[in-house]
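Grab a coffee and work through a few exercises on the structure below. Each one gives a task, followed by a solution that goes step by step.

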Amino acid sequence: MSDVVEKTLSALPGLFDSQTGAARITSRLRQLVKSITELTSKNEEESLIKQELSSMKEQVSSPNTSMMREIMVRAMYCEMLGYDASFTYIHAIKLAQQGGVLEKRVGYLAVSLFLNEGHELLLLLVNTVLKDLQSTNVIEAYMALTVVAQVFPKDMIPAVLPLLEDKLSYPKEIIRRKAVLALYKFYLIAPNQVQHIHAKFRKALCDRDPGVMTSSLHIYLQLITESPDDYKDLTGSFVTILKQVVGGKLPVDFNYHNVPAPWLQIQLLRILSLLGKEDRSTSELMYEVLDESLRRAEMNHNITYAILYECVKAIYTIHPKAELLEKAARCIGNFVLSPKINLRYLGLKALTYVVQHDAKLALQHQMTIIECLDHTDFTIKRETLELLFRITNAQNVTVIVEKMLDFLHGCSDEHTIIHLVGKVAELAEKFAPDNSWFIQTMNDVFSTGGDLLQQDVPNNFLRLLAEGSESKEEDDQLRLYAVNSYLTVLKGDASHLPQRFLQVMSWVLGEYAHLQESVDQREVIRLLTQLLDQRSVSSETRVWILSALTKISEGQTDLILDLAESLSSSQDTVLRQQAQELRQLSQDSQLYEWVLPRGAPWDSMEVDSSLSFLDGFVSEALAAGAAPYKPPHQRQEELCEDRALNLEPYSFSLPVSLSSCSITDRQSPTLLSVSSGLSGNSTELSQKAGSSTLILEGVKRVWGRDGYLRQNETTAPPVDEPSAAVQPSGQQEAAERLEPQPEPSTQNQDKLQLASSLFVGLGAGSSMSLLGKSEAPPPRFRKKPRPHESSSSSSSGTSERSSDSSSRSSHSTTDSFLYGSLLEEEPATSISAFSHTPKSSTANGLAQNKDTKEDRRANTSQILGGDMVIVRPNTFQDKHPSLVSSDLTALLPADLKDLPHSDVISLTSDPSLSLSSCRLFRDEALLLVILISNCTETVIKDVAVQLTCEELETASLRGNVMNCLEGNSTSVCHYALLMDEPHTNVSFTGTVSYQTQPGHTNTLSFSGTLSAADFIRPLVVSTEEYGKLWLSLSHDVKQNLKLLTDASDPLRTTLNALKDALQLHVVDIIGSEGIVACRLLSGAPCLLHCRVNGAALAMWLRSPHPALPDCILYHCQRALAQH
Amino acid sequence: MQFMLLFSRQGKLRLQKWYVPLSDKEKKKITRELVQTVLARKPKMCSFLEWRDLKIVYKRYASLYFCCAIEDQDNELITLEIIHRYVELLDKYFGSVCELDIIFNFEKAYFILDEFLLGGEAQETSKKNVLKAIEQADLLQESKPPGPSPQGRTLIGF
């Protein structure tokens, strides 16, 4: 046995002697541990533990709590070894409840280790926790808080919430700290429940104890990730805190290896980067402190690197500042060139992040990257491939894809394969240099990815083949190539091929085999039939194959009849049915023509997805007494409700009265937005990819089959490349740096060569960078925009949903086709214009903005004493001072003048243009009006607006392209926005491009947020109709809300307040109850039933849409909180 | 942080703390897979590992491996330092901590962990404050913190 175990054995007697007291209690554990180490086989261990568990079972109901404590410790040990000791769970709860402080501690620990969030026994703990939270003994309260912050049943949160809120002002900081973390936990599992205590979070942020303040940052990080716009006013405070921390103003205890509070620093840097993202004025507040952080973190220790890494990320996330970017880029060098492998890994990760903004940065480190590509450590290799993926362009795609495939062939980890194969497919689709490479690569993808592959990879591939591009000839070439390639594959041994690949092949052969005239169709049929006979082929694949055979069977009746005959006795009913169909079709050529018309355009197929042709059948069945259809989730819910326990807590000495708790695990809207926030990075990337559907004519000719890449590969390394003129400047620099090397070895030469092929094309756009708005090169395979999938407001032809190649973003709207040529011209200048915008501005809005900033700074935190951080955040409700434009209505088209509208808020401005927006509430849509004002005297030409919002359906109605905008005039463009799925808040982004001088395009980007309240419309119904509708709706949520008690009729006042904020329709108020109705635009209704319940308003919401009640509830809470 | 595992060079689990709700079966599967993967890594390799959709950060102290799972957007280096701070805390509490201390007093190790990380987030980063809190709770117990066990190999060499 190993030396460690020997040591363990030899140490044991000593341990026994040296321990008295405590040793007695845990001596049974010691014995157990000792006997286990003596065992040699797993079998012996099993039987020993079994013995132990059964002896524990006998003693477990003992009233002696100190013995119980010891049993609990042993139970934890057994569970750790992987044995089931679940019979002790209930006793752990009992111990926490009955034992003294000592036993309680162990009891609570056991509970937190044994029980998951959803465990039913946790309900039994609630009572104990409540008692301990009210205990006068600090230790008891502290232990209860520790367990609450780890596991607590979601439905019982209202029961402890008031106690926790009290604890936020408890004198002992440790209690305050734990209470903050417990609330953080609650926020994560049930955000709606803690909505009303946001003000208290602010108090925690200002706590005099740095520990409590640090804990509150966890909550803020979460909140700000979800909706950065709501917390911009805190930027100043966070900056000040960071300044103080960096300046060493915290107590020395918080230092870690001489670095002041690194955890706190990192948390703050993350928060700041979220706040400053795409927000110039907020970013300006933090430049100084970021610079300071970079400067201070100079010591050579992991912890300083951790801070530096976060700094670099922040600098590249917020609105760019050239000077900082330069410093950050230098900093990345320190990581990448470090001999320490951990730092190098992080350097690669940082590079991967920053090359999205500036691909040139990779050039400086090309040799390191190549070294990492051949590293023995899997992790490093994989991260390097991730980096290469980000810098792929049309010129280096073949080399990078080859590297990725090489890696994949030697990889056995499922998750890595799925992940990387998807990326290869994405690259292949986007940058493929020619048909043969594309099909070969996809063959590799399918055979390597196997059946782990995500379904959208084959789906996208097939869609690409089917939809084709503009030119039929090219499409057919690609299809023909695929057909040939697959025929070759199938002629070989197909038994080892993954099912997905076989399915793709059979579909393609079925659709396009006829394109290949030199091959007899009978041969194709023979190959496919052969596949059917193979044992390894799954029944799903057989169905695909048979479908393919059906498509190409025309005129081959003899072969087909045999086949149909042999399959008509198949075990598989689907196959049998298909065989029957096949037989029918092959005997009736007229029917065949009608069902499978050859060469009919793919997208002319109409699918009635609502199954309306069944309506008659359904109503007949209903009339005959059949039960109406309920969707699965509704059935599930009803089942739950039937079986559910009564979860209402018995009334303790609690001040709250609970009306009810919602039992089902409903996704709250806030939770939804978390997930969208998390995926932020990737969607951003794919958005960029999405915008690449803009095809730039002529590009293909330059980077055609004989692109630069091939030349580079065959010639010498770039050092003495004769055609250096075509080399991008950055690469030249790199080459020069390498030059002094005396006689590079062949290995080095290989590397250089690899470098030249990997990094080709990166420097080409050397003028891009600062904004990272570099246009992705046009994809080779451009798909046709799909025919309108949804019947959104069809008033405009310019907005189309692009059927994006990358699977991750299916929702980017591109109405760029119209002015594609505009964007094409000189992207470089647009960027420089953006970064050099003078700070003083003629626009009113900006000046005001500056004033408020000054105020904020003046109001923010200051240091009181050496070890205290006092922060006074201030609340600014309106961050956008409204523009002086009372004459909005004058600008609007006549038909919109009378619509209710919001205030005009300013979006952004630069010296030439200022943008503001106004929301108009139409019944079936929200109209977003964007006012574009020319602040200069001169005419601005070719103004084009582009608006994107992932969660909403957007359609441009008017004016998003203007030929000219006179000096000092304002023009409007407006968009109709539809919300299909309720979201509490959605953000939109957009750009305006314009020309001040011919050939000199500027771009101004803007963003803003819309709330679900903008999409709520009153639903006018009578009380009777309301009653009927109420009964027919299923999804309900109940919650107590604040009642506005300062008026004579609290209910009416509260409902009116809600009505004003949310455009609800108050149907009726009877006594202490009120009914209110609204709908999401002209879609799903939501009914609200309100009842005065003491000082609270018990609200019960119902809707056919599962997420809508949560969403409305959220806005009701907000509206009342702001009142 | 999603979870933290402590295991020995022989692959024996010494401590497990899960911050996300998982079934026992999943926990066992994850533990088994991870222990295998981490033990198979060579000493010169980096301390990070992409695993499923998570990042694994691990570090070896003498015979013990400390292993944390974090999300993709988290900072790997600071996690490494969280591990180190935890070892420092254990070391200070036990006095030159070794694997045996953790085996025999694993509930103490849990108490310290709960004081340092709560619900997967760093709760208190001041070493002094963590130990103060533990000592206060310990005072109620009749026993003093166990003294150093001379035979074991200490985790950190200082």
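**Exercise 1. Work out how strand β14 of chain A pairs with β15 of chain A, and what happens at the turn.**

Solution. Keep in mind that this is a predicted model.
- Step 1: find the strands. β14(A) covers residues 985-997 and β15(A) covers residues 1000-1011; they run antiparallel, joined by 12 bridges.
- Step 2: pick a pair to check the register. Opposite V986(A) you'll find L1010(A) in β15(A).
- Step 3: look at the turn. The hairpin has two residues between the strands, and G999(A) has a positive phi near 75 degrees.

**Exercise 2. Lay out the open sheet in chain A that contains β9 and β13.**

Solution.
- Step 1: write down the order. The sheet has five strands, β7-β8-β9-β13-β11, with antiparallel pairing.
- Step 2: mark the edges. These are β7 (905-909) and β11 (953-958) of chain A, and each pairs on one side only.
- Step 3: add the twist, which averages 25 degrees from one strand to the next.
- Step 4: zoom in on one pairing. Strand β9(A), residues 926-934, is held to β13(A), residues 970-978, by eight bridges. In that pairing, I930(A) faces C973(A).

**Exercise 3. Do the same for the open sheet of chain B, then place helix α1 of chain B on it.**

Solution.
- Step 1: the order is β2-β1-β5-β4-β3, again five strands with antiparallel pairing.
- Step 2: which strands stand at the edges? They are β2 (13-18) and β3 (48-51) of chain B; each has a single partner strand, so one side of each has no neighbour in the sheet.
- Step 3: the twist here averages 20 degrees between one strand and the next.
- Step 4: check a pairing. β1(B), residues 3-8, and β2(B) are linked by five bridges in the antiparallel sense, and M4(B) has K17(B) as its bridge partner.
- Step 5: add the helix. α1(B), residues 24-40, lies across β1, β2, β3, β4 (54-61) and β5 (64-70) of chain B, at about 55 degrees to β1(B).

**Exercise 4. Describe the interface of chain A and chain B.**

Solution.
- Step 1: count the residues. On the chain A side 78 residues are in contact with 75 residues of chain B.
- Step 2: get the area. About 6,800 Å² is buried between the two chains, and carbon and sulfur atoms give 56% of that.
- Step 3: find the top contributors. M80(A), R105(A) and W263(A) supply 12% of the area that chain A buries against chain B, more than any other three residues.
- Step 4: turn to the polar side. Nine salt bridges are counted between chain A and chain B, and one pairs D253(A) with K128(B) at 2.9 Å, N to O. There are also 28 residue pairs in polar contact across the interface.
- Step 5: sort the chain A side by class. Where chain A touches chain B, 40 residues are nonpolar, 20 polar and 18 charged.

**Exercise 5. Explain what the salt bridge of R202(A) and D233(A) ties together.**

Solution.
- Step 1: start with the total, which is 46 salt bridges over all chains.
- Step 2: check the distance. The closest N and O atoms of R202(A) and D233(A) are 3.1 Å apart, and the cut-off is 4 Å.
- Step 3: locate the partners. R202(A) sits in helix α11 (residues 198-205) of chain A, while D233(A) is in the loop between α12 (210-226) and α13 (235-246) of chain A, so the pair links parts that are 31 residues apart in sequence.

Terms used:
Residues numbered from 1 in each chain as written. Chains lettered and ligands numbered in written order. Predicted model: local features only at pLDDT ≥ 70, side-chain atom pairs only at ≥ 80, totals over all residues. Heavy atoms only, no water. Pairing = 2+ DSSP bridges. Helix = DSSP H or I, 4+ residues; strand = E, 2+ residues; numbered from the N terminus. Axes fitted to C-alpha atoms, helices over the stretch in contact; angles between N-to-C directions. Contact = heavy atoms within 4.5 Å. Buried area = accessible area lost by both parts, 1.4 Å probe. Salt bridge = Lys/Arg side-chain N within 4 Å of Asp/Glu carboxyl O. Polar contact = N/O pair within 3.5 Å; in protein donor to acceptor, adjacent residues only side chain to side chain. Nonpolar A, V, L, I, M, F, W, Y, C, P; charged D, E, K, R; others polar.
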